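Subject: Handover of a structural model

Dear colleague,

Please find below the structure that I am passing on to you. My account of it follows directly after.

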Amino acid sequence: MEKKYIIQGKIGRGTYAVVYKCKRKSDGKRMAVKKMAIGDDGIPWYVIRESSVLKSLDHPNITKLNDIFIDDKFIFLVFDLYEMNLLQCIGEKNVELKSIKYHMFQLLTAVSYIHDNNIIHRDLKPDNLMIDENGDLVVIDFGMAYQLRNLDMSDELWAFCCSYKAPEVLLGSKKYSFGADIWMIGCTFYELLTDEVLFYSGSDREALSNIFDILGTPTEENWKGVSKLRYYNKNKFPDQNKNTLEYHLENNLSFEIDDTNEYNDIITLLQNLLVLNPNDRITAKEALKSEYFQDVKYDQ
Ligand SMILES: Nc1ncnc2c1ncn2[C@@H]1O[C@H](COP(=O)(O)OP(=O)(O)O)[C@@H](O)[C@H]1O
Ligand SMILES: [Mg+2]
């Protein structure tokens, strides 16, 4: 590592990693290095995931893995350096309505490509979405990414961050799929528009009740099979049929939107991304065709 790079200041910290700025000695290029500990069991599964998945992907809105190093206790993954993550942009009120549309379009383009490659990212939240020096969005952090093998469905359990988890995952479905990423994109879209985490929760139980409070409690009628999911009957949820997502958006919106068509396009897309039943949720490809993006000029 030290032969090729000079490590500089710390720029980020995630669940498993500390990320530093570094300089490549050969050409002085500034890069980012993600440093993770190697435990007694060897290289952790999330590092193997991240590096193997990234090797199979090549897209302008997905980070590229430039280099890997190991010393006896740590493994280092070297990436291009990006300006800031979307969480920081939101925090600094550095978000414009126009750029939200552009970034959502780029995010959906990247995710459509990821899904075409039979991969679920599973951690699409604002701190894993970077903005580069040209203002383009780049998806990072593939440590949770999952390569689907059987029937386009995952049977792997999911044990992390609950505020962005899709209802089928929270209810214990063993057959969640690409829709779980779409849900996270819906949560991120809402957060960009309002500066609020839509379903902010400290536990899976709380996340479910926060979701059902806003979108209603799913029933066999609107979601066939839901009552058979592992955690459906273990929890007592109020029997309610409502959808107050638009009301929440209207009350928390950080922007004045004068154009009613634009506003309607936003709420339509948001409602389509955040459908309770994963089988009725929009796909990334369908979302890209929605009215909201009709005026996006895109030349990739
Ligand atoms: N290439 C990069 N350029 C700039 N900052 C980065 C880069 N990669 C990661 N970061 C920052 O470090 C944080 C943690 O990195 P991440 O890959 O998400 O690690 P973890 O898997 O531990 O969540 C990110 O949220 C981001 O702010
Ligand atoms: Mg992360």
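A residue counts as exposed if 12 or fewer other C-beta atoms lie within 10 Å of its own, and as buried if 20 or more do. Gly39 has 9 other C-beta atoms within 10 Å, and is therefore exposed. The residue sits in the loop between β3 and α1 (45-55). Gly39 and Asp27 are twelve residues apart in sequence, yet their C-alpha atoms are 33 Å apart in space. Please bear in mind throughout that this is a predicted model.

Overall form

The chain contains nine helices and ten strands. Its radius of gyration is 20 Å, close to the 19 Å that the globule rule gives for 300 residues, so the chain is as compact as a globular protein of that length. The C-alpha trace spans about 60 × 45 × 30 Å along the principal axes of the chain. Of the 300 residues, 36% are buried. Among contacts with a separation of 6 or more, 64% are between residues 24 or more positions apart.

Domains

The domain assignment divides the chain into domain 1 (5-80) and domain 2 (84-293). Domain 1 gives 13 residues to the contact and domain 2 gives 18 residues. On the side of domain 1 that touches domain 2, six residues are nonpolar, five are polar and two are charged. The centres of the two domains, taken over C-alpha atoms, are separated by 27 Å.

The surroundings of ligand 1

Where does ligand 1 lie with respect to domain 1 and domain 2? Both domains give residues to the shell around ligand 1, so the ligand lies between them. The shell holds 21 residues, of which Gly12, Gly14, Val19, Ala32 and Asp141 come nearest. Three elements give two or more residues to this shell, namely β1 (5-13), β3 (30-37) and β5 (74-80). The largest share, three residues, comes from β1. By residue class, the shell around ligand 1 comprises ten nonpolar, six polar and five charged residues.

Strand pairing

Two of the strands that contribute to the shell around ligand 1, β3 and β5, also pair with each other, in the antiparallel sense and over seven bridges. Within this pairing, Ala37 has Phe74 of β5 as its bridge partner. β5 is also joined by five bridges to strand β4 (residues 65-70), and these two strands run antiparallel. Here Phe69 is matched with Phe76 in β5. The link from β4 to β5 is a hairpin of three residues.

A further sheet is open and is formed by three strands in the order β6-β8-β9, with antiparallel pairing. Its edge strands, β6 (84-85) and β9 (137-139), each pair on one side only. β6 pairs with strand β8 (residues 129-131) over two bridges, in the antiparallel sense. In this pair Met84 stands opposite Ile131 in β8. When you examine these strands, please recall a general point. In a regular strand the side chains alternate between the two faces of the sheet.

In summary, I would draw your attention to the position of ligand 1 between domain 1 and domain 2, and to β1 as the element with the largest share of the shell around it.

With kind regards

Terms used:
Residues numbered from 1 in each chain as written. Chains lettered and ligands numbered in written order. Predicted model: local features only at pLDDT ≥ 70, side-chain atom pairs only at ≥ 80, totals over all residues. Near = placed C-beta within 6 Å. Helix = DSSP H or I, 4+ residues; strand = E, 2+ residues; numbered from the N terminus. Nonpolar A, V, L, I, M, F, W, Y, C, P; charged D, E, K, R; others polar. Domains from an automatic or database assignment. Pairing = 2+ DSSP bridges. Rg over C-alpha atoms; globule rule 2.2 N^0.38 Å. Contact = placed C-beta atoms within 7 Å.
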